[in-house]
Amino acid sequence: MTHGIRTDTHVARLEGRRGRRDTASRYALLPLRVFLGITYVYAGLDKLTDSAFLRSGGAGSIGDTMRAARGSAAIPALIDMALKSPVGFGYVIALGELAVGIGMLLGLLGRLAALGGALISLSLWLTVSWATTPYYYGNDLAYLMAWLPLILAGTPYLSVDAAWRSRRRHRPGGYGYGT
């Protein structure tokens, strides 16, 4: 009589672990996406509702903040350009943060939203937080780095982008149909 080893139980257990690992890998960027989305929505709304921020001068205003950062900015010309209309620039930043945050939370045009977030972070790093010493105390560089994986990966799961992709695949004449 031969004795065999039952492998089906071991395989199922291994596949279960691999399945959890695959699922974890698939959704690994979701916490980052949610964090950045909530943070940027909050930042945009905070600026839009702060009566002091959207002024060209005075304590806590966008104008005074930019004038204070100009002398230590990596690219003072960026600040000079914004100072031509500080209130308008404040609205652009606030609405940009709001759009980026909503885009991330919904997964709507995810790569474009992440690129927008990265550009906002880059401009803030090169101006407002450039003089922070040591550099790792400034959060704008960390935010810039946090956006990069989302630029590369987009929002492939739990997103409007994924729903659109799925819909195109299953529509006659859409890519992937019948393959």
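The following paragraphs lead from the overall fold of this predicted model to its salt bridges and to the packing of two of its helices.

The protein contains eight helices and zero strands. Read from the N terminus, its elements therefore follow the order α-α-α-α-α-α-α-α, under an assignment in which helices and strands are DSSP runs. Of its 179 residues, 30% count as buried. The accessible surface amounts to about 11,300 Å², and carbon and sulfur atoms contribute 64% of that area. Contacts within the chain can also be viewed by sequence separation: among those with a separation of 6 or more, 64% join residues that are 24 or more positions apart.

Charged side chains offer a route into the details. Side chains of opposite charge can pair when their charged atoms come close. In this protein the count comes to three salt bridges, and each is taken up in turn below.

One of them joins Glu-97 to Lys-47, with the closest N and O atoms 3.1 Å apart. Glu-97 belongs to helix α5, whereas Lys-47 belongs to helix α2 (residues 30–49), so this pair ties together parts that lie 50 residues apart in sequence. Both Glu-97 and Lys-47 are buried. For Lys-47 the relative accessible area is 18%, and the residue counts as buried because the limit for that class is under 20%. Setting aside residues up to four places away in sequence, Lys-47 touches Phe-53, Leu-54, Ile-93, Ala-94 and Glu-97. The salt-bridge partner of Lys-47 is thus one of the residues in this list of contacts.

A further salt bridge is formed between the side chains of Arg-67 and Asp-64, at 3.1 Å from N to O. Both residues lie in helix α3 (residues 62–70), and because they are three residues apart there, about one helical turn separates them. Arg-67 is partly exposed, with a relative accessible area of 43%. Asp-64 is likewise partly exposed, at 32%.

Helix α3 also takes part in the salt bridge of Arg-70 with Asp-80, whose closest N and O atoms are 2.5 Å apart. Arg-70 lies in helix α3 and Asp-80 in helix α4 (residues 76–82), so the pair ties together parts 10 residues apart in sequence. Arg-70 has a relative accessible area of 33% and is partly exposed. Asp-80, at 32% relative accessibility, also counts as partly exposed.

The path now returns to helix α5, the location of Glu-97. Helix α5 (residues 86–106) packs with helix α6 (residues 110–126) at an angle of about 145°, and the two axes are 9 Å apart. The crossing of α5 and α6 is left-handed. On the α5 side, the contact is made by Gly-96, Glu-97, Val-100, Gly-103 and Met-104. On the α6 side, the contributing residues are Gly-110, Ala-113, Ala-114, Gly-116, Gly-117 and Ile-120. Taken by character, the residues of this contact comprise five nonpolar, five polar and one charged. Glu-97 is therefore the charged member, because Glu is classed as charged and Glu-97 is listed in the contact.

Glu-97 accordingly connects the two parts of this account: the residue pairs with Lys-47 in a salt bridge, and Glu-97 also takes part in the contact of α5 with α6.

Conventions
Residues numbered from 1 in each chain as written. Predicted model: local features only at pLDDT ≥ 70, side-chain atom pairs only at ≥ 80, totals over all residues. Heavy atoms only, no water. Axes fitted to C-alpha atoms, helices over the stretch in contact; angles between N-to-C directions. Helix = DSSP H or I, 4+ residues; strand = E, 2+ residues; numbered from the N terminus. Left-handed = near helix turned anticlockwise from the far one by under 90°. Contact = heavy atoms within 4.5 Å. Buried < 20%, exposed > 50% of the residue type's maximum accessible area, 1.4 Å probe, protein only. Areas by Shrake-Rupley, 256 points an atom, 1.4 Å probe, with all protein chains shown as cover. Salt bridge = Lys/Arg side-chain N within 4 Å of Asp/Glu carboxyl O.
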